[in-house]
Amino acid sequence: MISYECHKASDDQILDPRASAKVISRNKNLGVEEYKFMLKTMVSSGIGEGTYAPKSIIDGREESATIMDEISEMDDIIFDTLDKLFAKTGVSPSEIDIIVSSVSLLSPAPSLTARVINRYKMREDTKAFNLSGMGCSASLVAVDLVNQLFQTYENSLAIVISTESMGANWYPGKDKSMMLSNILFRIGGCSMLLTNSRKWKNKALLELTCSVRTHIGSHDEAYYSCFQIEDDLGKKGFRLNKDLPKAGARALNINLRVLVPKIMPFSVMLRYYISHYGNKIMGRSIPKGAGPGLDLKAGIDHFCVHPGGRAIIDEVGQSLALSDYDLEPARMALYRFGNTSSGGLWYVLGYMEAKKRLKKGDKILMISLGAGFKCNNCVWKVLRDLDDPNVWQDCIDHYPPKTFPNTFSKILSKVNDESLNFVSLEDYLP
């Protein structure tokens, strides 16, 4: 990886408490129970009050967003990150050999990669690929695709674009399992420049050393755990059901069985196998978590966990026996930018870099989970000390904050059934 650029929307797109209250109050399908559920979930979500929403949502057009709203949303993110990436690296768009777009919920014609090729007047032989419907884990699918293409195309430059179309997919109904997506997902994205040309080695940031993709879509409970669907009122949205944590844990477990032996020292793996099978033979219970005798930190220095939600981060942390220090980048990315779908991992990486944690020779494990159901993980080796403040530049000195204020926690304590029938939620704001 030569470089990457994350997107930060303009200040007029901040979804602060007052803007959130307006959006919630506009949904006339919500009753008292739905209001309370939404408020409780917002309080416990781990998301802060400075995240960004699509312009169509801020403008009150969540139920009437057009295709041009979707295209405009993508243009803002994709062209902003690519402009900065080309300027930062000095690479000309005409030098790009491969371009991959990972956007799940928007597949226009002409495609998004065609739009990029037209904007930057790229070469006629540029190889273009569009990944859709692959959810939050699509970014690492795109990286793995580029890695496979590099086996055929030597001395090439590739662009990967990872983002999501949020505005036209905002859920305006009252199904609680579908309301979760409104609470968790925010706009954002990242573009990155990759190469297999050795002439870039001294300028590159990271080297991909291992990539493992796992897909458990053959299991119905996993397949339906994260699903785009219409509710009983015909309102389109994304359903996150109770099987999601189980599906995530299962996919992660299967993935790590393949990945861990590739990245851990032999002595650590030997000690783990002796302890693991010794417990089985003796009939002793096997501890939960990373397993007896297996310390992932013997082969990994940093853990880049997808910031999908507080529950997901905590579950991965518990499963892998990670510390608060290890999980801090994911929690802070969730708090500052929300779940930005396939772009989320790169905000986590950006936090690590801005905090000057990444030193030459360090290894980073990226863990991503997404609809399908998929778990795609990879390991990067840091090629030089990294300290770019990047998208975190204006706030990194204030992270992690000592407290995590949440205006809606105060509102929740004031809400009562009778008042909600007559008073706008905005009236509860200070």
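**Legends to the views of the predicted model**

**View 1. Charges of the protein.** The protein carries 52 positive and 50 negative charges, and the mean positions of the two sets lie 5 Å apart. The model shown here and in the other views is predicted.

**View 2. Helices, strands and overall dimensions.** The protein contains 15 helices and eleven strands. Its radius of gyration is 22 Å, close to the 22 Å that the globule rule gives for 430 residues, so the protein is as compact as a globular protein of that length. The C-alpha trace spans about 65 × 65 × 45 Å along the principal axes of the protein.

**View 3. Interior and surface.** Buried residues make up 56% of the 430 residues of the protein. Among contacts in the protein with a separation of 6 or more, 79% are between residues 24 or more positions apart. The accessible surface of the protein is about 19,300 Å², and carbon and sulfur atoms account for 50% of that surface.

**View 4. The loop that holds Asn27.** Helix H1 (17-26) and helix H2 (32-44) are joined by a loop, and Asn27 is located in this loop. Asn27 has a relative accessibility of 11%, which is under 20%, and therefore counts as buried.

**View 5. Surroundings of Asn27.** Within the loop between H1 and H2, the side chain of Asn27 comes to 3.0 Å from the backbone nitrogen of Asn29. When neighbours within four places in sequence are set aside, Asn27 is in contact with Pro172 and Gly173.

Conventions. Residues numbered from 1 in each chain as written. Predicted model: local features only at pLDDT ≥ 70, side-chain atom pairs only at ≥ 80, totals over all residues. Heavy atoms only, no water. Helix = DSSP H or I, 4+ residues; strand = E, 2+ residues; numbered from the N terminus. Rg over C-alpha atoms; globule rule 2.2 N^0.38 Å. Buried < 20%, exposed > 50% of the residue type's maximum accessible area, 1.4 Å probe, protein only. Contact = heavy atoms within 4.5 Å. Areas by Shrake-Rupley, 256 points an atom, 1.4 Å probe, with all protein chains shown as cover. Lys, Arg positive; Asp, Glu negative; His and termini not counted. Charge placed at Lys NZ, Arg CZ, Asp CG, Glu CD. Polar contact = N/O pair within 3.5 Å; in protein donor to acceptor, adjacent residues only side chain to side chain.
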